[in-house]
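Trainee: Got a few minutes to go through a model with me? I'd like to ask about it piece by piece.

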Amino acid sequence: MGDRSRLCSVWLGSETGILKGVSLSRKQAFNFCNTSHLSRDQEVRALCWGDAAESELLVGCVDATVKTFSLEKGAFTESRRCGDPAEGCFSGLAALGGDALVTCAESGALRVWRQEGGDEPVTQVDAGKNVCRMRQSPANPNKVATGGKENGLKIWDLQRPEQPAFSAKNLRDDWLDLRRPYWVRDMAFIPDSDKVVTCTGYHQVHVFDPSSPQRRPVLEVEYGEYPLTAISLTPDSTAVAVGNTQGHIALLDLRKGLVRGCVKGLAGGVRGLQCHASQPLVASCGLDRFLRIHSLEDRKLQHKVYLKSRLNCLLLASQDLQEGGATAGEAESEVKEEEDEGDDVWDAMERVEERQKRKTTEDKETTKKRKKAQD
């Protein structure tokens, strides 16, 4: 299994609780789990790297457990309980140093866990109710952002967690003096600045600048008319890729606030979206069970892999996505069959072939009349 895991450059979490790895260089996909003990309680909701060398994966499940997957061994090496399943699913997961991790539940329980802390968190913060996403700053691991439905963007310093370092204000009232609702679905930290870009359930993209005295967005862009579900910065940090519930992905310019272009081909809502750190590529997954990788330059489809389960999240390796097959062993295996009620129903149905339709008396008379008319 270690040979297979070292081949993979894209990792995905599914609703069935299976961790999936995809090798684009060999055009293969692998399942890493015990398929005999699958349940909905093991549904994967969050993925992140466990260390800077990208040798471990942290997998957050619905039952409030965080599993550690070793890419060297190709197996799960550790599992620990982080919270109560009654608090909701994980809305974010991040590694902090070598022995600590950060979790955030939908109820707003933002916690820091350490090995020496046992089963109790060393830090706990209430980030508000209905948290949809928690993201960690790549430049400062102790800084995280949270947001959700009727729960505006907040930036927390985990070294001083008493109060948020930044708390955003909502948009101004509309022209009828009515309050405008807010619903933060995802966010990303813009490198080399203090700015944070968010997408909302009301098809808006906002840019906040904590270094300025203004707590409202310094830039507002709207795309489409459906809720946005995921956002990711392009490698040059001048644009973002956003996906919505209808399977539409667009590139938005953060300098001019304009739509650069759209990516086509998706057949279901987008749940996971990530641009590669150095290559002009964007990966997406969602309800249509496909992993798709598009080029950011010409927006054409580069790779498409069917993975048999509805997908919740994805994670890209920082290395070249096409690498990884030269040094590993000659492992050749396809994705194992999963228990899928829908597929079983279709396989069990009797195949009916369409028979040739017999000509009736009226059809014969019509044919004779046509021949006479032609003569």
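**Charges, rings and the core**

Mentor: Sure, let's start with one acid: at 9% relative accessibility, Asp-253 counts as buried. Keep in mind that this is a predicted model.

Trainee: Which residue forms a salt bridge with Asp-253?

Mentor: Buried means under 20% relative accessible area, so Asp-253 at 9% falls in that class. The partner, at 61%, counts as exposed. The closest N and O atoms of the pair are 3.4 Å apart, and the partner is Arg-255.

Trainee: What about Asp-157, is that residue buried or exposed?

Mentor: Asp-157 forms a salt bridge with Arg-160, with the closest N and O atoms 2.9 Å apart. Arg-160 has 55% relative accessibility and so counts as exposed. Asp-157 has 15%, so the call for that one is buried.

Trainee: How many salt bridges does a search of the whole structure find?

Mentor: In general, side chains of opposite charge can pair when their charged atoms come close. Here the cut-off is a side-chain nitrogen of Lys or Arg within 4 Å of a carboxyl oxygen of Asp or Glu. Searching the whole structure that way gives 13.

Trainee: How many residues apart are Arg-310 and Glu-15?

Mentor: Their side chains meet in a salt bridge at 3.1 Å, N to O. Arg-310 sits in the loop between strand 27 (301-306) and strand 28, while Glu-15 sits in the loop between strand 1 (10-14) and strand 2 (19-23). That pair links distant parts of the chain, and the separation is 295 residues.

Trainee: Which residue is linked with Glu-15 and Arg-310 in a network of salt bridges?

Mentor: Glu-15 counts as buried because its relative accessibility is 7%, and Arg-310 counts as partly exposed at 35%. The network of salt bridges links these two with Arg-271.

Trainee: On to the nonpolar side: how many residues does the largest nonpolar core have?

Mentor: Those with the most contacts inside the core are Trp-11, Leu-19, Leu-47, Trp-49, Leu-57 and Phe-69. At least two residues each come from strand 3 (28-32), strand 4 (44-49), strand 5 (56-61) and strand 28 (311-316). The core's total is 17.

Trainee: Which residues join Trp-11 and Phe-69 in a cluster linked by ring pairs?

Mentor: Leaving aside neighbours within four places in sequence, Phe-69 has contacts that include Trp-11, Phe-32 and Phe-76. Among the ring pairs, Phe-30 and Phe-32 have centres 6.4 Å apart and planes at 55°, so that pair is tilted. Phe-30 and Phe-32 are both buried. Along with Trp-11 and Phe-69, the cluster has Phe-30, Phe-32 and Phe-76.

Trainee: Which residue lies over the face of Phe-76?

Mentor: To sit over a ring, NZ of Lys or CZ of Arg has to be within 6 Å of the ring centre and within 35 degrees of the ring normal. At 5.6 Å from the ring centre of Phe-76, the residue over its face is Lys-67.

Trainee: Last bit, backbone: what is phi of Asp-192 near?

Mentor: Asp-192 lies in the loop between strand 16 (184-189) and strand 17 (196-200). Its relative accessible area is 84%, so Asp-192 is exposed. Its phi is positive in a residue other than glycine, near 60°.

How values were computed: Residues are numbered from 1 along each chain as its sequence is written. This is a predicted model: local features need pLDDT of at least 70, side-chain atom pairs count only at pLDDT 80 or more; totals for chains, interfaces and linings use all residues. Side-chain values use heavy atoms; hydrogens and water are left out. A nonpolar core is a set of buried Ala, Val, Leu, Ile, Met, Phe, Trp, Tyr and Cys residues joined through side-chain atoms within 4.5 Å. Buried means under 20% relative accessible area, exposed over 50%, partly exposed in between (1.4 Å probe, protein chains only). Helices (H or I, at least four residues) and strands (E, at least two) are DSSP runs, numbered from the N terminus. Contact means heavy atoms within 4.5 Å. Rings of Phe, Tyr and Trp (its six-membered ring) pair if their centres lie within 6.5 Å; planes under 30 degrees apart count as stacked, over 60 as edge-to-face and the rest as tilted.
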